[in-house]
Amino acid sequence: MPEAFSYKFTTESKPLSFDFAQMLVNTETISTATCTAIVVDGTDASPSSILAGTPAISGTQVTQRVLGGVSGVTYR
C-alpha cells in the first residue's frame, strides 16, 4: 500500500486506490471498507468532506474518490 499519493488540485475529483494484497492470506477477502480523512498539515474544519461516495472494493483493492479540499492542506 502506498504511503503517499501525488498532489491533487482542489478543483479535481480523483480516485485513490489502496491495495491490500500483501496483507491478506489466500483465503481472505475484503467484504466491507470504510475510509476516513484527517488533516496532517494546515487547517480544514471538515476533512472528511473530501471523501465522495462510498469506497469501491475490487479484489484486493479499495478505491475511494476524493474531491475538493482546502488549498495548501495535506490530508491523510
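This passage describes the sheet, the aromatic pairs and the largest pocket of a predicted model.

The strands come first. Three of them form an open sheet. Their order is β1-β4-β3, and the pairing is antiparallel. Strands β1 and β3 lie at the edges, since each pairs on one side only. Strand β3 covers residues 51-58. From one strand to the next, the twist averages 20°. The pairing of β3 with β4 is antiparallel and runs over five bridges. Within this part of the model, Ala-56 stands opposite Thr-63, a residue of β4.

The aromatic side chains come next. Two aromatic pairs are present in the structure. One of them joins Phe-5 and Phe-18. Their ring centres are 5.4 Å apart, and their planes meet at 85°. This geometry is edge-to-face, because planes over 60 degrees apart count as such. Phe-5 belongs to the segment before β1, whereas Phe-18 sits in strand β1 itself. The pair therefore ties together parts that are 13 residues apart in sequence. How accessible are the two partners, Phe-5 and Phe-18? Phe-5 has a relative accessibility of 37%, so Phe-5 counts as partly exposed. Phe-18 has a value of 21% and also counts as partly exposed. Burial requires a value under 20%, so the 21% of Phe-18 does not qualify as buried.

Tyr-7 and Phe-9 make up another aromatic pair. Here the centre-to-centre distance is 5.3 Å, and the angle between the planes is 80°. This pair is edge-to-face. Tyr-7 reaches 62% relative accessibility and therefore counts as exposed. The cut-off for that class is over 50%.

The last feature is the largest pocket. Its volume is about 930 Å³. Its lining is made up of 34 residues. Which of them lie nearest the centre of the pocket? They are Phe-5, Leu-16, Ile-50, Tyr-75 and Arg-76. Phe-5 thus appears both in this group and in an aromatic pair with Phe-18. Three strands each supply at least two residues of the lining: β1 (13-19), β4 (61-67) and β5 (74-75). Of these strands, β1 and β4 also take part in the open sheet. By residue class, the lining divides into 20 nonpolar, 10 polar and four charged residues.

Definitions and conventions: Residues numbered from 1 in each chain as written. Predicted model: local features only at pLDDT ≥ 70, side-chain atom pairs only at ≥ 80, totals over all residues. Heavy atoms only, no water. 1 Å grid on protein atoms, 1.4 Å probe; cavity = no way out; pocket = protein on both sides within 12 Å on 5 of 7 lines; lining within 4 Å. Points joined across faces, edges and corners; volume = space filled by probe spheres on them. Helix = DSSP H or I, 4+ residues; strand = E, 2+ residues; numbered from the N terminus. Nonpolar A, V, L, I, M, F, W, Y, C, P; charged D, E, K, R; others polar. Pairing = 2+ DSSP bridges. Axes fitted to C-alpha atoms, helices over the stretch in contact; angles between N-to-C directions. Phe/Tyr/Trp six-rings, centres within 6.5 Å; stacked < 30°, edge-to-face > 60°. Buried < 20%, exposed > 50% of the residue type's maximum accessible area, 1.4 Å probe, protein only.
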